[in-house]
Structure formats: C-alpha cells, structure tokens
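Colleague: Could you walk me through this one? I'd like to go residue by residue where we can, and then step back to the whole chain.

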Amino acid sequence: MQPGDPEKAAAAASYPELAAELGSQLLASLPTHMLTSLQATYADWEATLIRKLPIAQQHIYNDILAVLQGCDDFHHPTVREHFTHLIVQAIRFLHSRTNRARAHHTPRFAYLFAPAPGEKLPLEETVQEDLHDYLDEADIEVTDRSGGRADIEVRFPGFHIVIECKRTKGRTTGKGLRRYLGQTVAYQAGGITLGMLVVLDLTPKPSWIPNIRDDMWADHIPSPVPEQRDRWAVVVRIRGNRTSPYEMTAPATI
C-alpha cells in the first residue's frame, strides 16, 4: 500500500498526537503495527517520568497539571513533552535547594541562608544564576522579549519558555506573589501562553520552613479583554534567608 493511500491517511489520522509530533506524511508511510507501538511508547513517557518522582513531588506535578489543563498550548504534544520536563526539573531544583544544609553548602549556595552580621541580603541574580546552571540548554539574560528583558530563556523545538526571577522581603503568599505575574505573562505575547516565575523569598524564618508542596504551583491569569487569550505561569518560591533547624524556635501554636 502506498503512502498516499486513503487507508493509510485514515490510520495516521487516528493518531493525532503522533501526527503533530512527526508529521502526517511520515505516519502515512508506516505500517499499522508500528503506529500502534509508537503511540503506546508516546503515551507512556510521561507516566514513566512522573513515577520516578518521590510522592510529595508527584503531588506538586499533579496539582500543576490540573491547572494547566485549561491551556490550549499545553496540549500540543511538543509543548507538553518539553514543558513537562521543565516542570520536573523545577520541582527537583526546589527540592534540592530546600534540603540544602548550611554546614555543607559552598559559597554559591550562601543565598539560601541568613547573611552574617553586616552582610546584605542576596540579589535576585543569585537564584537566577543557580537555576540557569541547574537547567539544561538555558540562555541567560536574553534581551528583546516583548519589549523587555527576560531573565532566563529555555529554548525548545518550535517554542521557548521565559523564566522570570525575582526576590522579595515581604508579601510571600501566593496571592502576594501575583504582583510579579504581569511581567511574567508579558513575555508570552510573542509565543505560547506558558511561562515560569521563580521568586527568592528573603523573609526571616526563625521557626518554620514550609513543605515544598506549598512552594510550587500553577497560576491561571485571565485576559482583561474577553476576546484575547488567557495566560498561565508555573510559580516556584525558593526559601532563602534560612536558619539551621537546630537554631529555630518553636512556632507559637506548638
């Protein structure tokens, strides 16, 4: 049977995700048993990736996905595959930096801990550079993105994701951090409607470090104009200015 035969075209149409990823013409040239095998492999990669995460990190991922279901761009196979990997890398980064101990940190991780007397709190560039080095294929300080400057741009086939990095010494609640999302979603004007915001929380932490499930989520930003597209952002809050657990006082409610 030739690649252009109607039966093969119909078979390729039965696998829309593969067609979007590989092209319908290529799929039309493949035998049905190979199409079935490819589809099974494609459908399994995400489940395999997530199963490797610890349970708490799986919860973060599932909560984020529940919000991103409303984003049309996220359902494109290429976008979903690569953005999913970026989400997982960000979850692992959050877990790593949350568990970093003062006694074993190198100078590059000093931004995670309370400064010594007379030293200043770190700038946002510290978490920006740390995250940039942690990620794969990231270009730092990319200019000319929707009229502004992006902190980190991660390039994927056919699209890019901009990661905006900020620091704050107050208003660290999820609602409070939404004040930074205007700039985050502004970078989405020239591409897909997905982005990421990483905030270094520099508030004092004498008695409590939140669980990592409280420090990463997805936010849906509705368009102010009904006929325009909504935006989405994954938010990561990195807890800096920390004290060691043995130096912490008991929370007032205990």
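Colleague: Which residues does threonine 84 touch, leaving out those up to four places away in sequence?

Modeller: Bearing in mind that this is a predicted model, threonine 84 touches Trp45, Glu46, Leu49, Tyr61, Phe74 and Val79 once residues up to four places away in sequence are set aside. For one of these, leucine 49, the C-alpha atom is separated from that of threonine 84 by 9.2 Å, with the two positions 35 residues apart along the chain.

Colleague: Where does threonine 84 sit, and is it buried or exposed?

Modeller: Threonine 84 is found in helix 6, and because its relative accessibility is 0%, under the 20% cut-off, it counts as buried.

Colleague: And what does the side chain of threonine 84 reach?

Modeller: The backbone oxygen of arginine 80, which the side chain of threonine 84 reaches at 2.6 Å.

Colleague: Staying in that helix, what does isoleucine 87 touch?

Modeller: Isoleucine 87, which lies in helix 6, residues 77–99, touches Tyr61, Ile64, Leu68, Met216 and Val234, again not counting residues up to four places away in sequence. Its relative accessible area is 0%, so isoleucine 87 is buried. Its C-alpha atom and that of isoleucine 60 are separated by 9.6 Å, and the two residues are 27 apart along the chain.

Colleague: Phe74 came up earlier. How many aromatic pairs does the structure hold?

Modeller: There are three aromatic pairs in the structure. One of them joins phenylalanine 74 and phenylalanine 83, whose ring centres are 6.3 Å apart and whose planes are at 80 degrees, so this pair is edge-to-face. Phenylalanine 74 and phenylalanine 83 are both buried.

Colleague: What about phenylalanine 156 and phenylalanine 159?

Modeller: Phenylalanine 156 and phenylalanine 159 form a tilted aromatic pair, with 5.1 Å from centre to centre and 35 degrees between the planes, and both of these residues are buried.

Colleague: Changing topic: which side chain makes a polar contact with that of arginine 239?

Modeller: The side chain of aspartate 201, in a polar contact of 2.7 Å with the side chain of arginine 239. Arginine 239 has its place in strand 6, residues 231–239, and counts as buried because its relative accessibility is 10%. Leaving aside neighbours within four places in sequence, arginine 239 is in contact with Leu112, Thr172, Asp201, Lys205, Pro210 and Asp215.

Colleague: Pro210 is on that list, so where does proline 210 lie?

Modeller: Proline 210 lies in the loop between strand 4 and strand 5, the latter being residues 216–221. Although it is in a loop, proline 210 counts as buried, at 15% relative accessibility. Not counting residues up to four places away in sequence, proline 210 touches Asp215 and Arg239. Proline 210 and threonine 98 are 9.3 Å apart in space, C-alpha to C-alpha, while being 112 residues apart in sequence.

Colleague: On to empty space: how many cavities of 30 Å³ or more are there?

Modeller: The count comes to one cavity of 30 Å³ or more, and about 80 Å³ of space lies in the largest cavity.

Colleague: Which strands supply at least two residues of its lining?

Modeller: Strand 3 (159–168) and strand 4 (194–201) each do so, and strand 3 gives the most to the lining, with three residues. The lining of the largest cavity includes His160, Ile161, Val162, Thr184, Tyr187 and Leu194. By class, that lining has five nonpolar, six polar and no charged residues.

Colleague: Thr184 is in the lining, so which residues is threonine 184 in contact with?

Modeller: With neighbours within four places in sequence left aside, threonine 184 is in contact with Glu164, Met196, Leu197 and Ala233. Threonine 184 has its place in helix 9, residues 181–186, and is buried, with a relative accessible area of 1%.

Colleague: Stepping back, how many helices and strands are there in the chain?

Modeller: The chain has nine helices and six strands, and buried residues make up 44% of its 254 residues. Among contacts in the chain with a separation of 6 or more, residues 24 or more positions apart account for 61%.

Notes: Residues numbered from 1 in each chain as written. Predicted model: local features only at pLDDT ≥ 70, side-chain atom pairs only at ≥ 80, totals over all residues. Heavy atoms only, no water. 1 Å grid on protein atoms, 1.4 Å probe; cavity = no way out; pocket = protein on both sides within 12 Å on 5 of 7 lines; lining within 4 Å. Points joined across faces, edges and corners; volume = space filled by probe spheres on them. Helix = DSSP H or I, 4+ residues; strand = E, 2+ residues; numbered from the N terminus. Nonpolar A, V, L, I, M, F, W, Y, C, P; charged D, E, K, R; others polar. Buried < 20%, exposed > 50% of the residue type's maximum accessible area, 1.4 Å probe, protein only. Polar contact = N/O pair within 3.5 Å; in protein donor to acceptor, adjacent residues only side chain to side chain. Contact = heavy atoms within 4.5 Å. Phe/Tyr/Trp six-rings, centres within 6.5 Å; stacked < 30°, edge-to-face > 60°.
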